[in-house]
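Reader: I should be grateful for a close examination of a single part of this structure, together with the elements that surround it. Please proceed from the pairing of strands to the packing of helices.

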Amino acid sequence: MADTLRVGIVGAGGIAQQVHIPNYLKCGDKVEIVAICDVAFEKAQEAAEKFSIPNVYHTVDEMLAGTKLDVVSVCTPNKFHKDASIAALNAGCHVLCEKPPAMTVEEAQEMADAAKRAGKFLSYGFHYRHSKEVDTLKRFIDAGELGDIYAATAIAMRRRGIPGWGVFTNKALQGGGPLIDIGCHMLDAALFLMGYPEPTMVFGATYQKLGTRKGVGLLGDWDYENFTVEDMARGFVQFANGATLVLESAFAANVKIRDEMNVKLMGDAGGANVFPLEIYQEKHGALIDVSPAFLPDISPYEREIKRFVDACLGGEPPLSTPEQGVKLQRILNGLYRSAELGEAVRL
């Protein structure tokens, strides 16, 4: 196994330049970023110059043919996750693909199948799993401190947080709005802490009330005339083990706070609020609230990339697996389908 991983980047946008590339560089001599590609070739050239990346390509196929790679980060809009990831896996590369896995369940399954055939890692950019709060709470859960977790709430709400950049409001390229973009982060964190139970039924509702008209933008001015996604989604998920989860997600909603990303869990031995981390229990005849102190202050993005690099070099496997990606995609697409039908959907 190589001592230094040769990394290629697919997509030269914000997530590549602000997250993936800088955090690969923090891995020192474990990593060498040797190639980058983007259909907007000028953007790839600019990123290559900024980060001293020697090889620049227009397409992922050209990059894979032109440069020997060990690892590929897929940082494209959701529509292009599947093809880029499968091409990289087929070329013998480990893949770190940004979330969500794909546009459809079928695409996520194709990606999982390709990873299995290739014998390579396929992991997804659910960086909240690597936060100090989730990292710590998972240890408490594994030690039985919450017992049987039977109820959860996942919240990803913004007051006026419609992105004024990128393609986040383009359904054809993203597959949806806040549910598939920020909602999937909190959904994944909740599922991860619950042990990724098997979903059996979902009921969802989506709304497009604020995004199609001009308004105050706390994340820049958005293109309200071409806003094709939901601005709010709400859902209910039932699992085979009897547990349930309630999900709320919005780019724009008339709520008090600017934004909230949170997960709340309830078990028969304890409960928890994840952000900030608090654990609620009954012990020795008293109700107690526990708040961990002085947790290590490391960026979840940095920890995510470091763990992925270490996995590719023979360490512990990545936390996010292709099989979990398929399960998550089933829930996301099931909620959208339920919203279209106006009724619950069996998974």
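Author: The account below begins with one strand and then follows the chain to its neighbours. The model is a predicted one. Strand E1 spans residues 5-10 and is mostly covered, with five of its six residues buried.

Strand E1 has pairing partners in E2 and E4. With strand E2, residues 31-37, E1 pairs in the parallel sense, and six bridges connect the two. Within this pairing, Val 10 lies opposite Cys 37 of E2. Strand E4, residues 71-74, also runs parallel to E1 and is joined to it by four bridges. Here Gly 8 has Val 72 of E4 as its bridge partner.

The connection from E1 to E2 involves helix H1, which covers residues 14-25. Together, E1, H1 and E2 form a β-α-β unit of right-handed sense.

Helix H1 in turn meets helix H2, residues 41-51. In general, a packed pair of helices is described by the angle and the distance between the two axes. For H1 and H2, the axes come within 12 Å and cross at roughly 35 degrees, and the crossing is right-handed. On the H1 side, the contact is made by Gln 17, Ile 21, Pro 22 and Leu 25, which meet Ala 47, Lys 50 and Phe 51 on the H2 side. Sorted by class, the residues of this contact are five nonpolar, one polar and one charged.

Helix H1 thus appears in two settings: it belongs to the β-α-β unit with E1 and E2, and it is in contact with H2.

Methods
Residues numbered from 1 in each chain as written. Predicted model: local features only at pLDDT ≥ 70, side-chain atom pairs only at ≥ 80, totals over all residues. Heavy atoms only, no water. Buried < 20%, exposed > 50% of the residue type's maximum accessible area, 1.4 Å probe, protein only. Pairing = 2+ DSSP bridges. Right-handed = clockwise from strand over helix to strand, strands pointing away. Axes fitted to C-alpha atoms, helices over the stretch in contact; angles between N-to-C directions. Left-handed = near helix turned anticlockwise from the far one by under 90°. Contact = heavy atoms within 4.5 Å. Nonpolar A, V, L, I, M, F, W, Y, C, P; charged D, E, K, R; others polar.
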